[in-house]
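This report concerns the pockets of one protein chain and the surroundings of a selected residue. The sequence and structure are shown below for reference.

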Amino acid sequence: MALGHRTGLELVPAYKQGKAPEPGAGGGAFKLSSNENPYPPLPSVHRAVVEAAADLNIYPDMAAPELTALVADRFDVPASSIVFGAGSVEVASQLIHAVASPGDEVVFAWRSFEAYPALVRVAGCVPVPVPLDDAGGHDLPAMARAVTGRTRLVFVCNPNNPTGTVTTTAALEEFLAAVPAGVLVVIDEAYVHFNDDPDSPAGVEFFKRYPNVAVLHTFSKAYGLAGLRLGYAIAPAEVAANLRKVAVPFGVTALAQRAGTASLAAEAELQERVDVLIRERRRVHAALVEAGLPVLPSRANFLWIAAGGRTAELNQVLEEHGLAARAFDGEGIRVSIGTPAANDALIRAAAACRNALAESHV
């Protein structure tokens, strides 16, 4: 065996961070590849982080008591069911390690969050990807059929990353009725703040009604704390207890905790920013549809251009316009909603994309 090589790691894809942009022909450069909130932290949140920096020599409280109490009160859930981590992706890893043993199966839609298959394999488990339906959404009946006696965990990404699609409350009800009670269903709601579909389920309400449901939330997107890494699970108490066992000690920094509490205290201001991003999403979507691009309706802070075999071609056009998006070769392009200036650049690039598509059919 080679030095520093664990058997099976050759099957684990390294996570690729969203690329940085390079100036286009017009001189502008916009990063729309990582679904980041394009706006800086609110002043009150920034002040809280600066104040917390005075105590960097002190270990953070692993229980995050103040933040836990705020989340518990907001969602009316027991504090014992809340577990924090360094972003919801780290909490997703905790869930896999806490629930599944090596050789067990984890079911998820595909394409969905890029980290799922890697996290599953790192835990020594078997990923079971289930293709999306023709509309780019979760095929929940097919996912239910994919559950076997070895399945321990199912991820339902709602809204789905990277397609922006959502499931319905009725579809999730039917899915949970078909899944054995011994299988934990994790509703990953990283983009829930942008989900304005009234027919889409609220994960916390399902957690309250079903004993085998957990919910993932993050402060990285709507709250704009991607650089501080803060997320959490709301899970059945026995699952939450095991999450604490597999979590990295002191993984949630004091700075992240203070930023989280300050953000929850400023949600009215933050909602104003979310509302702006939703309006921009609608504006950009309408413009891309008008340009003839195969873009899906989205309930997240990004759009999915289902470019298929023309993905590389269209992504090159975007790059020429100074736009860095997230391209999945042969499938499509995920482009984040940014500032109005960035979105204007994307709309201008859409016309060039339309021309490129027209030329390819000549």
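## Largest pocket: domains and lining

In this predicted model, domain 1 (19-41 + 266-358) and domain 2 (43-265) each contribute at least three residues to the lining of the largest pocket. The volume of this pocket is about 580 Å³. Its lining comprises 30 residues, and Tyr15, Ser34, Phe113, Lys221 and Arg229 are the closest to the pocket centre.

Two elements, helix H3 (88-99) and strand E11 (326-328), give two or more residues to the lining of the largest pocket. H3 accounts for the largest share, with 3 residues. Sorted by class, the lining of the largest pocket holds 11 nonpolar, 10 polar and 9 charged residues.

## Second largest pocket

The second largest pocket encloses about 300 Å³ of space. It is lined by 21 residues, of which Met62, Ala63, Val83, Phe84 and Arg244 are the closest to its centre.

At least two lining residues of the second largest pocket come from each of strand E2 (82-85) and H3. The largest share is that of E2, which supplies 4 residues. In terms of class, the lining of the second largest pocket consists of 14 nonpolar, 4 polar and 3 charged residues. Helix H3 thus appears in the lining of the largest pocket and in that of the second largest pocket.

## Environment of Trp304

Trp304 is located in strand E9, which covers residues 302-305. Is Trp304 buried or exposed? The relative accessibility of Trp304 is 7%, and the residue is therefore classed as buried, the cut-off for this class being under 20%.

Beyond residues up to four places away in sequence, Trp304 is in contact with Pro162, Thr163, Pro294, Val295, Leu296, Phe328, Glu331, Gly332, Ile333 and Arg334. Among these contacts, Phe328 falls within the range of strand E11 (326-328), an element that also contributes to the lining of the largest pocket. Val335 is separated from Trp304 by 31 residues in sequence, while the C-alpha to C-alpha distance between Trp304 and Val335 is 6.5 Å.

## Annotated span

For residues 30-348, UniProt lists "domain: Aminotransferase class I/classII large", in an unreviewed entry. Helix makes up 41% of this span and strand 17%. The C-alpha atoms at the two ends of residues 30-348 are 13 Å apart.

Notes: Residues are numbered from 1 along each chain as its sequence is written. This is a predicted model: local features need pLDDT of at least 70, side-chain atom pairs count only at pLDDT 80 or more; totals for chains, interfaces and linings use all residues. Side-chain values use heavy atoms; hydrogens and water are left out. UniProt positions are given in the numbering used here, feature names are shortened, and annotations may be inferred rather than shown by experiment. On a 1 Å grid over the protein atoms alone, a cavity is a set of points where a 1.4 Å probe fits but cannot get out, and a pocket is an open set with protein on both sides within 12 Å along at least five of seven lines; lining residues have an atom within 4 Å of a point. Grid points are joined across faces, edges and corners, and a volume is the space filled by probe spheres set on the points. Ala, Val, Leu, Ile, Met, Phe, Trp, Tyr, Cys and Pro count as nonpolar, Asp, Glu, Lys and Arg as charged, and the others, Gly among them, as polar. Domain bounds come from an automatic or database domain assignment. Buried means under 20% relative accessible area, exposed over 50%, partly exposed in between (1.4 Å probe, protein chains only). Contact means heavy atoms within 4.5 Å.
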